[in-house]
Amino acid sequence: MQPESILDIRTDNETILAARSRPVTRENQIHLAIVLVGSENAAEIEEGVAILEEIAKDTEHREDVRISVYYLALAHARLQNYDRSTKILDALLSVEPANLQASELRKVVQKKMKKEALLGLGLVGGAAALIGGIVIAGFALKK
């Protein structure tokens with residue numbers, strides 16, 4: 001899988017329904033949250049975030065917390081909350097600097113942030129040029 005494609009994961013509705021139908025155990029809740037993070041529906045991704053946040057609070061199960069924190073960062077990236085995702089990944093990497101999965105996701109999130117910032121600047125610049133053109137055309141027609 002290409003690093004950039006991690007944000008493009010998709011979970012179909014049948015997989016989500018199957019995950020919801022499993023008995024409520026810690027492991028099944030983690031699985032459900034991960035499946036929801038792959039949804040195309042923002043509300044389902046946010047539901048996954050809520051589950052992951054609860055799991056991440058439990059410091060007794062360290063491996064579950066690590067997995068939850070990673071998928072929490074992924075969920076925020078999929079929701080385009082890039083700043084929040086970066087903060088979560090920075091926290092994870094401060095504890096586990098050798099975590100390649102988190103490091104790769106952070107690179108992808110940073111790349112997306114830069115791309116969207118440039119796109120936003122391009123849109124603002126394009127809008128300014130359009131408005132300027134309209135103003136100039138208005139003055140030209142007025143003469």
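1. Start with what sits over helix α2 in this predicted model. The cover over the buried residues of α2 includes α1, α3 and α4 (62–78). Which residues of α2 are buried? They are Asn28, Ile30, Leu32, Ala33, Val35, Leu36 and Val37.

2. You can check the length of α2 yourself. With twelve residues at 1.5 Å a residue, α2 should span 16 Å. The C-alpha atoms at its ends are 17 Å apart, which agrees.

3. Now pick out Leu36, which has its place in helix α2. Is Leu36 buried or exposed? Its relative accessible area is 0%, so Leu36 is buried. Leaving aside residues up to four places away in sequence, Leu36 touches Ile16, Arg20, Glu44, Ile45, Glu47, Gly48 and Ile51. Try one distance in the viewer, too: Leu36 and Asn13 are 23 residues apart along the chain, and their C-alpha atoms are separated by 9.6 Å.

4. Three of the residues that Leu36 touches, Arg20, Glu44 and Glu47, turn up again as a network of salt bridges. Here is the general idea: side chains of opposite charge can pair when their charged atoms come close. How many salt bridges does a search of the whole structure find? The count is eight.

5. One of these pairs is Arg10 with Glu40, whose side chains meet in a salt bridge at 3.9 Å, N to O. This pair links distant parts of the chain: Arg10 lies in the segment before α1, while Glu40 lies in the loop between α2 (26–37) and α3 (42–57), 30 residues apart. How open is each partner? Arg10 counts as partly exposed because its relative accessibility is 47%, whereas Glu40 has a relative accessible area of 63% and is therefore exposed.

6. Right beside Arg10 in the numbering, have a look at Thr11. Thr11 also lies in the segment before α1 (13–21). Why is Thr11 called buried? Its relative accessible area is 17%, and the cut-off for buried is under 20%. The Thr11 side chain reaches the backbone oxygen of Val35 at 3.0 Å. Val35 is itself among the buried residues of α2. Not counting residues up to four places away in sequence, Thr11 touches Ile16, Val35, Gly38 and Ser39. Notice that Ile16 is also on the list of residues that Leu36 touches.

7. Other salt bridges stay inside one helix. In α3, the side chains of Lys57 and Glu54 meet at 3.2 Å, N to O. These two are three residues apart, about one turn of the helix. Lys57 counts as exposed, at 60% relative accessibility.

8. Helix α6 (residues 100–142) holds another such pair, Glu104 and Lys107, again three residues apart, about one turn of the helix. In this salt bridge, the closest N and O atoms are 3.4 Å apart. At 35% relative accessibility, Glu104 counts as partly exposed.

9. Last stop: the largest pocket. What is its volume? It comes to about 160 Å³. The residues lining this pocket are Arg62, Val65, Arg66, Val69, Ile88, Ala91, Leu92, Val95 and Glu96. Helices α4 and α5 (82–95) each supply at least two residues of that lining. You have met α4 already, as part of what covers the buried residues of α2.

Key:
Residues are numbered from 1 along each chain as its sequence is written. This is a predicted model: local features need pLDDT of at least 70, side-chain atom pairs count only at pLDDT 80 or more; totals for chains, interfaces and linings use all residues. Side-chain values use heavy atoms; hydrogens and water are left out. Helices (H or I, at least four residues) and strands (E, at least two) are DSSP runs, numbered from the N terminus. Buried means under 20% relative accessible area, exposed over 50%, partly exposed in between (1.4 Å probe, protein chains only). A polar contact is a pair of N or O atoms within 3.5 Å; within protein, one must be able to donate a hydrogen and the other to accept it, and residues adjacent in sequence count only if both atoms are side-chain atoms. Contact means heavy atoms within 4.5 Å. A salt bridge is a side-chain nitrogen of Lys or Arg within 4 Å of a carboxyl oxygen of Asp or Glu. The expected span of a helix is 1.5 Å times one less than its number of residues. On a 1 Å grid over the protein atoms alone, a cavity is a set of points where a 1.4 Å probe fits but cannot get out, and a pocket is an open set with protein on both sides within 12 Å along at least five of seven lines; lining residues have an atom within 4 Å of a point. Grid points are joined across faces, edges and corners, and a volume is the space filled by probe spheres set on the points.
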